[in-house]
Structures are given as C-alpha cells and as structure tokens.
Amino acid sequence: MLSGAISLGVLPFIVIRFLQKDWIMVILNMSAFIGLTSVFVYVSITGRTAIARWIIASLAVVVMTFTVYLKGYQNILWIFPALTTVFFTLTPYIALTIAMAFLAVVIAIVWPEINSVMSLQFFIATGSTMLFCFTFSYRMRKHQDELTVLATQDTLTGVGNRRALEEKLMELIESIKRYPNQSASLLLIDLDEFKSINDRFGHSFGDQVLITFTHTIADRIRVTDKLYRFGGEEFVVIAENTSQEEAVTLAESLRHAIEDIKFIGKCSLTASFGVAQYQKNENQWHWLERADIALYKAKESGRNTTCPAPDVTF
Ligand SMILES: Nc1nc2c(ncn2[C@@H]2O[C@H](COP(=O)(O)OP(=O)(O)OP(=O)(O)O)[C@@H](O)[C@H]2O)c(=O)[nH]1
C-alpha cells in the first residue's frame, strides 16, 4: 500500500520535471516510480514484505538525498516523509540508525546554504520528528509482541495454546510435503482422573498440578520438540524427526516421569498417551483424530498407558 501510494505521489513530479526539461530529476523520479511500482506488484503477488521494506526505505533515503543535493535547501521538506517512511518500514533501532545517517548527509549538503536560525529550526524539527517516530514505532512493536504472546500462549502454564498448536501443525505439514523424508509424531496426553484431584484438593491445587506437569514434560523433551495445551487437562507434544516407535518410547519415558512427580504427600498423578506419526496426505485434523483414537484406547485399557494410533490409508 505504501509503495503504491508513494509511486502515485511521485507521478506528478515526473510530469513537472519533464515540462521543465530537468532531465536528471526526471530520471531520479522515474527510478523511484519504477522501483516503488515493482515493489507494489511484487508484494501484491507474493505477499512477502521483508525485502520490500528495505527497498522502500532505501529508495526514500537515496532519492531524497539526491533531491536535496540537486535542488538545495528549498527541497528540504521532503526529508520528513522520507524519515517517517524509514520508521514505518524498518525496526525501530535500525530505522533510528539509518535516519541519523541520512540526516547527517543532508546537513552536510545544505550546511553552506543555511544560517544559524535555519539550522536551529532544522535540528529541532528533524529531532522531534525522529523522536516521535521512534517512540511510536518502538511502542507499537512492543504491543505487537505482547499481543502475539497473548494470542499464542496458555496463560496458566505458559506453554503454547491451541491456536499455536494449529499453526505449528500446518507449518509442519507444509514442510513435510516439501521434504517427504521428514517424519514427525504427535503425542496426545490426557491426565488421568484429573477431576478427582480438583474435587479432593481444590481448583488452585489442580492448577499447580497442571503447571508442575508442564515443567516435567518441558524438562524432558528435546528443544526441537514443542509442548502445547490442547484444552483443559489435555496436552500435545510435537516431536519432529521422530518415528512412531521413537515417539512411543518418548511417551513411555514421559509417562514414567509423570508417575514420579511428588506432590508433597497429597496425591499421585498419571497420564494416558495416544501417539500418531504423521501419515502422507493427511491434514492436521486427521492426524489429531488418529492420536485421539489412540488416547481413547489408552483410557479404555485402564489409563496410565501409551497406545499407538491406527494406520489409515488416504
Ligand atoms: N484446576 C484446573 N482444572 C481444570 C482446568 N481445565 C480443566 N480442568 C478440569 O479437568 C477436569 C477434567 O475432567 P474429565 O474430563 O472428567 O477427565 P478426568 O477426570 O481427567 O478423567 P479421565 O480423563 O477419564 O481420566 C475437569 O474437572 C475440569 O474442570 C484448569 O485450568 N485448572
């Protein structure tokens, strides 16, 4: 949107400079127009903005520096949209560094033309613009990060929530489609008779049990494995590059670790596991469903046990 809007804004100046026969400015404005329109088309088609952000910021800085160099102090106003563009497109500290370098070059160019009052005006105007832009961009990023955490983390246990799990499963399935030799397994874990723990010891003790449970699991899985809360007292471990057999072994070791948790003489904890390795062409719902069937079998066969999922041909 930004590249599209700026490229439209540049168009009248191409015409004006053309009518003035100011060929250098025509070339400069045409370069900005072509660059920004290409970015607009590229982002519209691919949806990728990472490189586009850098191109827009670079074009803003380079074109405005040359404009001030060629046209002098009377074109100084253009540095303000250039500054805001840099803060809009790049991360706050990188933007601040580039903005300061940009201003240093512009000051060096216009210095012979300006008197002391003008230079004071220039420093205050650009300094306050940078300060506002930096503060705004920094706070926005911070809020964005906080929102991401809130949207993807379970508030009680701190592990990923269901939304994070669904995103991870989609990502993983896309990656397996691309690299079919990759394997991944899913462990669906349900705490046994958790309702009776709540009923006997209270809900806040139940909450502590859930927290201790997640710490126990998180301490034992690999850094590449991820733990998510699927809902209530149901959790999921995604183990990448892990076959069904390896995942069953992992589930058994986690099951024993859960049995070994000591809750200061109050209660014992066990869990049932359903284990499913990803099968070619299945989607995340089928994958979870197979793990759920296995978990149901584990519950049926007396709890505190691990069951592998059935194979299903797609
Ligand atoms: N303390 C606490 N309890 C929760 C939380 N989320 C769900 N629960 C409780 O978990 C219990 C789940 O009970 P059930 O679905 O009957 O399952 P269960 O008692 O574990 O029995 P099985 O799964 O058949 O072994 C319910 O009592 C819920 O209230 C939570 O965040 N904190």
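**Exercise 1. Relative orientation of two helices**

Helices α5 and α6 run roughly antiparallel to each other in this predicted model. Establish the geometry behind this description and determine which residues form the contact between α5 and α6.

*Solution.* Begin with the packing angle: α5 (residues 92–110) and α6 (residues 116–152) pack at about 165°, and their axes are 9 Å apart. Angles over 145 degrees count as roughly antiparallel, and α5 and α6 are therefore assigned to that class. Next, consider handedness: the crossing of α5 past α6 is right-handed. Finally, list the contact: α5 contributes P92, A95, L96, A99 and L103, which meet T126, M130, F134, S137, Y138 and R141 of α6. Sorted by class, this contact holds eight nonpolar, two polar and one charged residues.

**Exercise 2. The shell around the ligand**

Determine which elements supply the shell around the ligand, and classify its residues.

*Solution.* First, identify the residues that come nearest: of the 16 around the ligand, these are D192, F194, K195, G206 and G232. Second, assign elements: β1 (184–191), α8 (194–201) and α9 (203–220) each provide at least two shell residues. The largest share, four residues, belongs to α9. Third, sort by class: the shell comprises eight charged, four polar and four nonpolar residues.

**Exercise 3. The environment of E252**

Decide whether E252 is buried, exposed or partly exposed, and describe its placement.

*Solution.* Locate E252 in helix α10 (residues 244–259). Then count neighbours: 14 other C-beta atoms lie within 10 Å, so E252 is partly exposed. Lastly, compare sequence with space: E252 and T306 are 54 residues apart in sequence, yet their C-alpha atoms are 6.6 Å apart.

How values were computed. Residues are numbered from 1 along each chain as its sequence is written. This is a predicted model: local features need pLDDT of at least 70, side-chain atom pairs count only at pLDDT 80 or more; totals for chains, interfaces and linings use all residues. Ala, Val, Leu, Ile, Met, Phe, Trp, Tyr, Cys and Pro count as nonpolar, Asp, Glu, Lys and Arg as charged, and the others, Gly among them, as polar. Axes are lines fitted to C-alpha atoms, for helices over the stretch in contact, and angles run from 0 to 180 degrees between N-to-C directions. Angles under 35 degrees count as roughly parallel, over 145 as roughly antiparallel, 65 to 115 as roughly perpendicular and the rest as oblique. A crossing is left-handed if the near helix is turned anticlockwise from the far one by less than a right angle, and right-handed if clockwise. Two residues are in contact if their C-beta atoms, placed from the backbone, lie within 7 Å.
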